Every structure is written in C-alpha cells, then in structure tokens.
Amino acid sequence: MNSHASIWANGRRNVALLALWGAAAAFVVYVFVTGGYLIAVLHFAAIYVIFVTGLNIFMGYTGQVSFGHNAFAAISGYTSAVLTTRYSIEPMAAASLGLAGALTCALLVGYPTLRLRGHYLAMATLAIGLIAYEVAVQWGSVTQGYMGISGIPPLGIGRWTVTSDRALLVLLVAIAALGVLASAGIRRSRLGRALVAIAGSEDAARALGIDVARYKLIAFLISAFYAGLAGSLFVHAVGFVSPEVYGLHMVVLAFTMLYVGGIGTVTGAALGALIVSLLPETFRTFSDYQDLAYGAVLIVILIYAPGGLAALPTLWSSRRKEGA
Amino acid sequence: MTATSVLDVRGLSARYGHVEALRGVDMHVEVGELVAILGPNGAGKSTLMRALLGLVPTEGQVRFCGRDVPRRNPVAATALGLILVPEGRGIFAPMTVAENLELGAYLLHDGAEFARRHERVLALFPRLRERLGQVAGSLSGGEQQMLAIGRALMAGPKILLLDEPSLGLAPRVIEEILEKLGDLNRDGLPIILVEQKAPLALKLARRAYLMSVGSIAAEIDPRTVKSHDELARFYLG
C-alpha cells in the first residue's frame, strides 16, 4: 500500500463520516423545528450518546470490558432523584452529589477489580450492575422499590429551569456534543495514546513506562463520570426513575450502540447511540422481545461488520481499491 | 561483576505458576557490548527478557549501571533506561507511526530532547519518515520491526533488549535490520539480542549465551564457532 492511496482512503472516509454527521445534525434540527414525539426520542438518544461515549473510553480506547456501568448511572440518578424529591435540594447540586457518589463508588470498585483481566473483569462488573439493581429494588425506604420515584424536578439554576421539550433538547444535545468533543480530545492526548497502547498490549505498554493499573483506573473513572452524568440527566429529563431504567436492558442497549457505531472510534459510539435510539420506533411492535431484537442486531454486526458503521466507509474504499 | 559491567544478573529465576521457566541465570553485559542469547524454542529466552524488565515475578538480582533494578516494576526499569523491543514487536496497530514513536518517549518531558531523538530515529529508518501519518497496522513486517526499534530508541535506552527481531521477516529485511543494530551498537549502545537464528546473531555479537530449559547452558565466543556443526553440538549437547 503506498501512502497516496492511504491518504485518498482517509479523505474518502472523512467525507463519508462528515456526511453521516451532517445528516444527523440535520435530523436534530428537523425534530427541533417540527417537535412532537420525536423530541422525547432524541432526549433519550442524547443521554445515551453521553453514556456510550464514556463507555467507549473504557471499552474502546482502553480495550477493557464492563457490564456494570449501569450501576454508576443508577447511583447518580437515584441520588439526584432522592435528594431533589425528599430533601428539596437544587437539581444541579443534587446531580453534582450524585456524580460524586458514582465516582466514589467507581473508585472503590475499580481499584480491586481492575487487577482482573478479560472474563474475570467482565464477571466482576456484571455483578456490580446486578447488585445496584437489587439495591434499587430492595431498599424500598429510600428508592421506593419497583414503584420508583416520580415528580423529580427538571434541571435548572435558580429561577431559570428547563421546562420546555425544546430547551431540554438543546441542553442535552449541547452536553452530549461536549462529551463527544472531550472524548476526541482525550483520544488525541497523551492519556489517550496510553489508553490505546494498553488496549494493544499491556506488556508492551508497560515496557514503555506506562503505569497500566493506574491508567485503567483513570479510564474507568472517566467512563463512570459519563455514566453518572447520563444517569442524573435521565431522571431530571424524564421526571421519573425506577430500577428498570438502569437494569440489564441498559447494558444490552449500550453494547448494541457501541458495536453498531464502531467501538474504539472517536465518533462511532455517538453515532451508534443516535441510530439505535431511533430503532425502537421500528422495533416497537416486538414490545417484550426488544432485547432479543437488539441481541440479533448485535450478532449480525459482530459477524459482518465488526468495525461498526464508523468502519463502513473504509471497508468500501478498500473493496474499491482491491477491485481497481 | 567487573567495573565495566552495564548489566549484571545473579541467580535470576522466574516461574509461571508451578512451572519454573528460568532457573538461576547468571549473565553480564559490558559497556558497549552486543550480547546474543541463543537457544531453541522454549529455552526461556523471552522469559529472561521479561524477567530483566520485571514483567514477570522473579527471584534473584539484576543490577544495571550499578543500581538494583526494582522487582516487578517495569515502569521503574524503563525509567532506568532498560528498554525492551518485545517479541512480536508489540506495535500499536490502530495508531499512526508518529503516535507509536511518541509513545516510545512516554516518560520524556523535554521537547528539545524529544525532537533530537525523533530526528535520530527517522535518520536511522528513513522509511518511517514517509509513513509517519500512516496507521502502524498497515506497515509491512519489516517496517513494523523498524517502528518497534524506533519506538524503543525514542525511550532513550541505556541498554536495548531485542526479542527475536527477525521473526517472520524475509532474509533481506533481516539483514537490513541487523545492520542497523550493528550501527547502533558501534555508536556505543549496549544490546542484548535474542535470536533463534544463531548464525545471524553470531555475526554481530561479541559474546553469546546459549540457553537450554531455563538456564544458561554455555557462554560462546563467536570467533571460536567456525562451522554450523560446531553450533549444532551446542544445541544438541
């Protein structure tokens, strides 16, 4: 392969990705203008963009596995919900405390579990997610069990609150965009290179002087921060929370988004979150079988396009080159 | 240990679970020396490299430039200047050549020194200069090995450990890479070269250790090894 060909392929890929993002932005504007039910779908999509972008830093860049980041969303979301409804604390302050709680928990959990590798780490994180779910169900005096907590106030500072669907859409899209930009910045930074090196080979990274255990923990904490942020935003956007919100379904959904979009790429995760969020409108007829449908999509993607949507343009251009 | 030893290893052992992969290895490398480690598959050559760096739990002593290399702490060993080019190169395929080189100088926080090392690596391997923006996974095997060595040089090695740099490469490419290693060594860089292809390594090395089932079986003076038969005797005992 000569360098001219690769520059050409890069250019083509960038154009294709830009086109996809242009279409996504146009869709957001269209929904903003027309309003209606789709606005709520986009609220949900933006929140998942944040969650999955964070998960991508831990799973994509750093090459680790976590089935348990729903726990951090749950801790942050429930903290926000309880503090605002029961103690009338300002939503922003409550959400900040929720985030602090999620990060503290991530630190306590991450320190011992990140010594585990591969399947062991996956099982440990799965346990964390299940424990969080059980706590949300059983600790009825605080979480109100399956009933959930309703009447959670919307986000806002002082007298200014985000009450309209459109204002909420603008806020969530802005936060999601910031999240994606921050993730892109991380990937290009010294920290990002270290994380990708760890994904490549832990030993090779160590042999370059990279403190693998420390950076894994940092990646875990950053992704837990994104998860906590998504968890808090969710309760304030919807006004209601129950254990199901942060159940195993959240993990299945996030994994589908991550792999559909392209795990490890900078913008793929966000793209996947956007597209998969719109799918339920197609899958709605399956109702109870939604997870099954997500699972099926995930399997098909893993087999036929392991790089996800973000890798499709490259795949096309390399096919064309082979043909030429 | 003599006064001129850069690296002095005493009774180095390592185990993977119950399997003792390295048994009481004694070896040394003198200033400016290129030492080859020879031996068949499974003799413990790679484990020795990993043990020197502290990538595996070890017993015994490793002294480097007169200082004890801390056990089980590859980051500290790297900071001392003990730099490994791992088996299978260990380059980071999804990153560009430039990013791989930057990662080599991960512990360096001096822009001017970074630029100096970068220029030196690109002067040594001009082909990497043409490929700076290219993803490392798209390089040929030989270029990947050059990148792996270049990345190690970015770390500012005081000794360079190479684990089978010839693995999977065409003879002409191997020759080119070994020639560069010879140049580096002539400039004063001590090198430990792990090789299965003994004749190639013996052309470069001043001394060689022969490993067999986890320990040093013999020390060889390359000048005394005149024929392949003689070398085969070492292997076969």
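## The six-stranded sheet of chain B

In this predicted model, chain B holds an open sheet of 6 strands with mixed pairing, in the order β6-β7-β8-β3-β9-β10. Strands here are DSSP runs of E with at least two residues, helices are runs of H or I with at least four, and both are numbered from the N terminus. Two strands are taken to pair if DSSP finds at least two bridges between them. The edges are occupied by β6 (82-85) and β10 (215-220) of chain B; each has a single partner strand, so one side of each is left without a neighbour in the sheet. On average, neighbouring strands of this sheet are turned by 20 degrees against each other, direction ignored. The axes behind such angles are lines fitted to C-alpha atoms, for helices over the stretch in contact, and angles run from 0 to 180 degrees between N-to-C directions.

At the β6 edge, β6(B) and strand β7 (residues 159-163) of chain B run parallel and are joined by 4 bridges. Within this pair, Ile83(B) stands opposite Leu160(B) in β7(B).

## The four-stranded sheet of chain B

A further open sheet in chain B consists of 4 strands in the order β2-β1-β4-β5, with antiparallel pairing. Its edge strands are β2 (19-30) and β5 (67-68) of chain B, each of which pairs on one side only. In general, strands of a sheet pair through backbone hydrogen bonds, either parallel or antiparallel.

Strands β1(B) and β2(B) run antiparallel and are joined by 8 bridges; Leu12(B) stands opposite Val25(B) in β2(B). These two strands form a hairpin with 2 residues between them, and Gly17(B) in the turn has a positive phi of about 60 degrees. Strand β1 (residues 5-16) of chain B also pairs with strand β4 (residues 58-64) of chain B, in the antiparallel sense and over 6 bridges. In that pairing, Ala14(B) has Thr58(B) as its bridge partner in β4(B), and Arg10(B) has Gln61(B). Helix α1 (residues 45-53) of chain B lies across β1, β2 and β4 of chain B and runs at about 70 degrees to β2(B).

## Overall form of chain B

The secondary structure of chain B comes to 9 helices and 10 strands. Its C-alpha trace spans about 50 × 40 × 35 Å along the principal axes. The radius of gyration, taken over C-alpha atoms, is 17 Å for chain B, which agrees with the value near 18 Å for a compact globule of 237 residues; the globule rule is 2.2 Å times the number of residues to the power 0.38.

Of the 237 residues of chain B, 45% count as buried. A residue is buried if 20 or more other C-beta atoms lie within 10 Å of its own, exposed if 12 or fewer do, and partly exposed in between, with C-beta atoms placed from the backbone. Among contacts in chain B between residues at least 6 apart in sequence, 66% join residues at least 24 apart; a contact requires C-beta atoms, placed from the backbone, within 7 Å of each other.

## Chain A and the surroundings of Ile175

Chain A contains 15 helices and 4 strands. Of its 324 residues, 43% count as buried. Residues 24 or more positions apart account for 77% of the contacts in chain A with a separation of 6 or more.

Ile175(A) is found in helix α7 (residues 165-188) of chain A. This residue counts as partly exposed because it has 18 C-beta neighbours inside 10 Å. Residues up to four places away in sequence aside, Ile175(A) touches Ile50(A) and Leu233(A). Ile175(A) and Val49(A) lie 126 residues apart along the chain, and their C-alpha atoms are separated by 9.6 Å.

## The interface between the chains

Across the interface, 18 residues of chain A are in contact with 24 residues of chain B. On the chain A side, the elements that give two or more residues are α1 (3-34), α8 (190-200) and α9 (202-206) of chain A. Helix α8(A) gives the most, with 5 residues. The residues on this side divide into 8 nonpolar, 6 polar and 4 charged. In this division, Ala, Val, Leu, Ile, Met, Phe, Trp, Tyr, Cys and Pro count as nonpolar, Asp, Glu, Lys and Arg as charged, and the others, Gly among them, as polar.

## Confidence and conventions

The predictor gives the complex an ipTM of 0.85 and a pTM of 0.87. For chain B, the mean pLDDT (the predictor's confidence in each residue, from 0 to 100) is 91, and 94% of its residues reach 70 or more.

Residues are numbered from 1 along each chain as its sequence is written, while chains are lettered from A and ligands numbered from 1 in the order in which they are written. As the model is predicted, local features need pLDDT of at least 70 and side-chain atom pairs count only at pLDDT 80 or more, whereas totals for chains, interfaces and linings use all residues.

Conventions: Two residues are in contact if their C-beta atoms, placed from the backbone, lie within 7 Å.
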